[in-house]
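Trainee: I am new to this structure, and I would love to walk through it with you. Could we look at it together, one question at a time?

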Amino acid sequence: MTLMRQPGGLLRAADAGRSVLLKGWVARRRDLGELIFLTVRDRSGLVQVVFDKARCPADAVSGANEARSEDVVAITGGVILRGEGQRNRDLPTGEIEVLATGLEFLSRSETPPFVVEDRTNATEELRLEYRYLDLRRPVMQKNFVLRDEIAFRVRKVLHERGFLEVETPMLTRSTPEGARDFLVPSRVHRGQWYALPQSPQLFKQMLMISGFERYFQLARCFRDEDLRADRQFEFTQIDLEMSFPTEEDIFDAVEAFLVEAFAAAAIAVARPFPRLLFKEAMEKYGTDRPDLRYDLPLCNLGEEAAGTGFAPFEKALGSGGTVRGLRVPGGAAFSRKRLDELTEKAREHGAGGLLWAKSAAGEITSPAKKGLPEGRLERLLAKAGVADGDLLLIVADKESAAFAALAALRAEAARELKLIDESRYAFCWVTEFPLLGFDAESKQWFPMNHPFTGPREEDLERLESDPGSVRARAYDVVVNGWELGSGSIRIHRADLQERVFRVLGIGEAEGKERFGFLLDALKYGAPPHGGIALGLDRICAIAAGATSLRDVIAFPKTTSGIDLMTKAPASVFPQQLRELGFEPPVRPEK
Ligand code: ASP
């Protein structure tokens, strides 16, 4: 009887007595003289195989003698229970081993550049160059099993709710998501360019106008931005769009699949997610992606700081800025050196400086003490709720700098004071973002999200007179200080879309040229619609507890945009360039 291949990692005590055929990689070899042990790895896990020289055919023993790490082998044998003292509790297969009767090499391996094990001291560069070996490591395989499960569950939830998965083009026109495009020259139409999609934004809106009502896609997106650990040139979004939705409908669909996705990693997520207005989030946490695993709110010290004659306060308040504080409970114990580091951190985030005041043993100490009128420091501390043993950090600056600096200090203080419960996943929705931002340099309004985001009906009358005060029907979903995704209810009327373009300085001609197809489509019965996109890579990284997106992307690029395995980007043949209408660069003669 021919044996079927058995995934070795699934063998358990109940399999004792069975004959099996294993196929996999040699993970480890130990030679104890009379016995040779091979640990065999396949996707299901690791299993120990023993070659007993007294009982095993000679050719199998000589195979086991020769076997080296990463050789691919086929092994036949019988499953036996290990003796009491021989069990390995660290391995799911630790109660059994396979007593080998035969070994065949399916493929041999050179000595790999690093040991293919969970714990590795290989540099990330080496791991990326030999990514196929890196991906053989069980920790990495686990990430991709989880990623597959998450993607499957997201699809299932959305499919069951009537969302259709529709693919949209990769070769398209530039979509305005605010990043730089990757451009692809057209061979057939010389001088014309495709752009790789920054998102399927306009296509999903078209699908709503097409009457599809509910669309989703695990969509590849491309943005030519500077890379960081949490960013890649190409990434995958869970992209969706609905017709006739309220914000609640979108939140409901997203919460439903997030609960399922995180359950794949045994992470319980409670619904409904709390809601925060953008303004609230900024006032309270200094950021629109607050980490709600701890409280530590900021406070507005503007009233107490006004009229003190204290130069930093006067300067900030006099130029439309603000004075904000952060109470650090127990922070009076922070050393001078630590306070200097925090000041440095505040500066890194754009603040001119950092003031502090400590309350300890009934005494208030602060470098600002001398500069402030009698009793004022006490009022500032009282407003911030400072108790004995606490520290108050104060930033007097432009609002954006004060918020950015204090948000960073809040996160730093929470880490230092061990206020973060690492087992928690604190989701929230942030809503009512401003529709537009103002770029002081170009003196132009720009869309905070993209130019198709719908304004709130009640703010519309101020669209031209006071654009900065108009709130958008936009929302973000946030977890533990990460922005997981953002979306909005869209503009579905051509006249309003044209009005928004005008405010953005997109003239009629430019609007027609770039978005004519959208403006046309909006004239043929566009349903009210809205949607959202969430980063799948980020969801997987958080669920897997990975520190980098690269650990959940099979073939990622380095922070400088290089694929170390294929060595992309690379030069191409001169003929390819000529076909595209480019002159090959002249190389100096060797
Ligand atoms: N297209 C947007 C983005 O990629 C998401 C959305 O508005 O649905 O960020």
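Trainee: In what order do the five strands of the open sheet follow one another?

Mentor: Good place to begin, and please keep in mind that we are looking at a predicted model. Strands of a sheet pair through backbone hydrogen bonds, either parallel or antiparallel. Here the pairing is antiparallel, and the order is β12-β13-β16-β14-β15.

Trainee: Which strands stand at the edges of that sheet?

Mentor: Look for strands that have a single partner, so that one side is left without a neighbour in the sheet. Neighbouring strands are turned by 25° against each other on average, ignoring direction. The two edge strands are β12 (298–300) and β15 (363–365).

Trainee: Which residue in β13 stands opposite Asn-300?

Mentor: Let us start from the pairing itself: β12 and β13 (residues 322–328) run antiparallel to each other and share three bridges. Opposite Asn-300 you will find Arg-324.

Trainee: Now the cysteines: how many disulfides does a search of the whole structure find?

Mentor: Take Cys-221, which is buried with a relative accessible area of 0%. The closest cysteine sulfur to that of Cys-221 belongs to Cys-540, and at 15 Å it is too far for a bond, because a disulfide needs the sulfur atoms within 2.5 Å. Cys-540 is buried too, with a relative accessible area of 1%. The number of disulfides found is zero.

Trainee: What kind of aromatic pair do Phe-278 and Phe-433 form?

Mentor: A pair of aromatic rings is described by the distance of the centres and the angle of the planes. A search of the whole structure finds 16 aromatic pairs. For Phe-278 and Phe-433, the centres are 5.1 Å apart and the planes make an angle of 40°, so with limits of 30 and 60 degrees the pair counts as tilted.

Trainee: Are Phe-278 and Phe-433 buried or exposed?

Mentor: They come from distant parts of the chain, 155 residues apart: Phe-278 is in helix α7 and Phe-433 in the loop between β17 and β18. Both of these Phe residues are buried.

Trainee: What kind of pair do Trp-429 and Tyr-475 form?

Mentor: Trp-429 lies in strand β17 and Tyr-475 in strand β20, 46 residues apart. Both residues also belong to one aromatic cluster, with Phe-251 and Phe-427 among its members. Their ring centres are 6.2 Å apart with 85° between the planes, and the pair is edge-to-face.

Trainee: Which residue has its charged end over the ring of Trp-356?

Mentor: Elsewhere, Arg-108 lies over the face of Phe-105, 3.8 Å from the ring centre. For Trp-356, the charged end sits 5.6 Å from the ring centre, and the residue is Lys-358.

Terms used. Residues are numbered from 1 along each chain as its sequence is written. This is a predicted model: local features need pLDDT of at least 70, side-chain atom pairs count only at pLDDT 80 or more; totals for chains, interfaces and linings use all residues. Side-chain values use heavy atoms; hydrogens and water are left out. Buried means under 20% relative accessible area, exposed over 50%, partly exposed in between (1.4 Å probe, protein chains only). Two strands pair if DSSP finds at least two bridges between them. Helices (H or I, at least four residues) and strands (E, at least two) are DSSP runs, numbered from the N terminus. Axes are lines fitted to C-alpha atoms, for helices over the stretch in contact, and angles run from 0 to 180 degrees between N-to-C directions. Rings of Phe, Tyr and Trp (its six-membered ring) pair if their centres lie within 6.5 Å; planes under 30 degrees apart count as stacked, over 60 as edge-to-face and the rest as tilted. A charge sits over a ring if NZ of Lys or CZ of Arg is within 6 Å of the ring centre and within 35 degrees of the ring normal.
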